[in-house]
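Work through the exercises below with the structure open beside you. Try each task before reading its solution.

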Amino acid sequence: MLRAELDRGEIDREQEDARMAALLSTGILDTPPEPSYDAIARLAAEYFLADSASIALADESRVWVKSSWGRVIRELPRRNSIFEMVLEADGPVIVSDIAQHPNFDQWFRRFKRLGIAAFASVPVRSSEGKILGVLTIYRSEPAPGMPLDSLRMLESLADLVASQLELRRLRSTLNDSLARRPRPVATVNEIWPRPVDLRRALDNGQFVLHYQPEVDLSTRRIIGLEALIRWQHPERGLIPPMDFIPLAEECGMILPIGDWGLAEACGQIQKWCQEDSDRDSLRVCVNLSARQFSREGLADHVEDLLLQSGVSSRQLGLEMTESSLIPDKGTTLEVLGSLRRLGVCLLMDDFGTGYSSLNQLHSFPFDMLKIDRSFVGRMTEGDQPLQIVRTIIELARALGMDVVAEGIETREQYRLLRQMGCRYGQGFLFARPMTAEAVTELLRLPGQVLPDLDGGEQARC
């Protein structure tokens with residue numbers, strides 16, 4: 001039986017860049033299902049009398065299923081995946097009984113939960129031999145060792161997948177050449193950052209998460225944290241998200257960057273709970289981009305991150321803006337429903353900046369609304385801004401949702417929000433976004449309660 005070594009060590013950066021370039025050249029990332037791949041997956045399952053089969057491709061951070069037959073999860077984090085086993089082995093991997101595998105706890109517990117007891121997986125390679133993905137068959141019962149001639153049949157089917165990818169690459173190359181136009185020569189003062197700078201930052205671990213506390217306005221107790229990404233550039237210093245997230249959205253890097261942020265937040269929750277088990281009620285909220293939200297396998301990905309980190313679903317919150325919701329209401333409800341079934345907290349961020357939410361909010365399964373800071377900041381300027389905030393709070397109460405007011409900077413704002421019955425808030429009045437280490441110290445305060453704010457005009461941070 002062939003097996004991959006599970007401790008991969010350092011990824012060969014040059015090889016990984018070449019692999020990703022080969023995958024990107026096919027233009028297949030995040031594309032809809034196609035009959036040719038579906039036919040190959042079904043043929044593999046039927047030939048081997050398997051319960052299910054899948055064709056999966058891997059980018060920097062995730063393994064997503066291009067096609068499947070039978071019961072197969074749609075997406076997984078790349079870490080500790082079958083793909084990484086095949087990549088490490090640089091060839092086929094067969095596990096005839098996952099329960100007997102020495103690394104069962106680390107790798108295969110999620111497959112047992114899905115009723116998978118054995119699998120065989122072979123690489124799908126580019127024309128240059130780079131492993132772009134895997135063709136895998138699954139069985140619900142342990143299976144004896146597979147004969148080599150059968151393994152060669154699975155590899156032949158993987159070659160059919162590779163041929164389809166090569167055809168797609170050639171078509172993509174042809175379309176690019178037809179659309180190509182002369183470009184001006186870059187100058188010394190060219191626009192920064194570029195997509196390559198974002199990829200280098202992710203590869204070199206330059207992104208960091210800062211956390212801003214969310215507090216109960218009546219007790220000033222910390223009830224949660226919002227994770228906020230920053231770019232710690234070795235030369236340019238700490239770069240705020242508005243200086244690079246729009247580019248990441250435009251060039252597609254938002255997916256691997258967003259996946260990193262989700263995994264990092266789950267890992268940090270685990271660390272805080274390991275230090276003090278009483279923190280198991282602490283929730284960390286992560287912002288989802290529109291491209292992350294529109295991924296079919298988002299719920300599968302989030303579920304597996306929770307399993308890998310050992311974090312309870314109630315400890316993770318997912319924030320999305322109204323503009324990130326899919327225009328198709330049915331699809332939006334399906335995605336939100338799949339996330340809600342996991343038990344994670346769903347928050348609508350920047351609420352009040354759009355009007356369609358007022359018409360459709362009652363049908364979306366959000367747990368909390370976050371009042372946009374622009375409304376909070378104008379509350380003391382007159383009756384109309386104050387009435388807008390009051391209306392949002394009353395609307396949330398009628399729909400059975402909690403409210404978090406963003407951008408609280410003065411004690412007067414704090415006082416007005418409490419009077420109107422707003423339960424939670426965040427802002428510079430309580431704390432600025434801070435490093436994980438600073439949060440750790442803050443959580444060690446007695447009762448995790450922030451200082452008294454009942455007097456004076458303005459708080460200093």
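## Exercise 1: Charged pairs

A network of salt bridges links E214, E226, R283, E319, K370 and E406. The model is predicted.

**Task.** Take R283 and E214 from this network and work out what their pairing ties together.

**Solution.**
- Start with the distance. The closest N and O atoms of R283 and E214 are 3.3 Å apart. The cut-off for a salt bridge is 4 Å, so the pair qualifies.
- Place the partners next. R283 is in strand β10, and E214 is in strand β7 (residues 207-216). The bridge therefore ties together parts that are 69 residues apart in sequence.
- Check burial. R283 and E214 are both buried.

**Task.** Find which parts the salt bridge of D300 and R74 ties together, and classify each partner as buried, partly exposed or exposed.

**Solution.**
- The side chains of D300 and R74 meet at 3.0 Å, N to O.
- D300 belongs to helix α11 (residues 298-309), while R74 sits in the loop between β2 (62-69) and β3 (75-77), so the bridge joins parts 226 residues apart in sequence.
- D300 has a relative accessible area of 14%, so D300 is buried.
- R74 reaches 30% relative accessibility, so R74 counts as partly exposed.

**Task.** Say where the salt bridge of E412 and R415 lies.

**Solution.**
- The side chains of E412 and R415 come to 2.4 Å, N to O.
- Both residues lie in helix α16, three residues apart, which is about one turn of the helix.
- E412 is partly exposed at 31% relative accessibility. R415 is partly exposed at 35%.
- For the whole structure, a search finds 27 salt bridges.

## Exercise 2: One helix, two sides

**Task.** Compare the expected span of α15 with the distance between its end C-alpha atoms.

**Solution.**
- Helix α15 covers residues 383-398, which is 16 residues.
- At 1.5 Å a residue, α15 should span 22 Å.
- Its end C-alpha atoms are 22 Å apart, so the two values agree.

**Task.** Which residues of α15 are buried, and what covers them?

**Solution.**
- The buried residues of α15 are P385, L386, V389, I392, I393 and A396.
- Seen down the axis, these fall within an arc of 125°, so they line one face of α15.
- Their cover includes β12 (345-351), β13 (368-371), α14 (373-377), β14 (402-405) and α16 (411-419).
- The face turned away from the buried side carries the exposed residues D383, Q384 and A398.
- Just after α15, G400 takes a positive phi of about 75°.

## Exercise 3: Cores and a buried serine

**Task.** Which residues touch the most other members of the largest nonpolar core?

**Solution.**
- The largest nonpolar core has 80 residues, and L318, F366 and L417 touch the most other members.
- Helix α9 (residues 254-275) gives the most to this core: nine residues.
- Now look around F366. Beyond its neighbours within four places in sequence, F366 contacts M320, L325, L336, R340, L346, L347, M348, L361 and M401.
- A second, separate core holds 29 residues, including A44, A45, V122 and A162.
- As background, nonpolar side chains tend to be buried together in soluble globular proteins.

**Task.** Is S289 buried or exposed?

**Solution.**
- S289 is in the loop between β10 (283-287) and α10 (290-293).
- Its relative accessibility is 9%. The cut-off for buried is under 20%, so S289 counts as buried.
- Leaving out residues up to four places away in sequence, S289 touches E249, I254 and S324.

Notes
Residues numbered from 1 in each chain as written. Predicted model: local features only at pLDDT ≥ 70, side-chain atom pairs only at ≥ 80, totals over all residues. Heavy atoms only, no water. Helix = DSSP H or I, 4+ residues; strand = E, 2+ residues; numbered from the N terminus. Expected span 1.5 Å × (residues − 1). Buried < 20%, exposed > 50% of the residue type's maximum accessible area, 1.4 Å probe, protein only. Arc of directions from axis to C-beta. Contact = heavy atoms within 4.5 Å. Core = buried A, V, L, I, M, F, W, Y, C linked by side-chain atoms within 4.5 Å.
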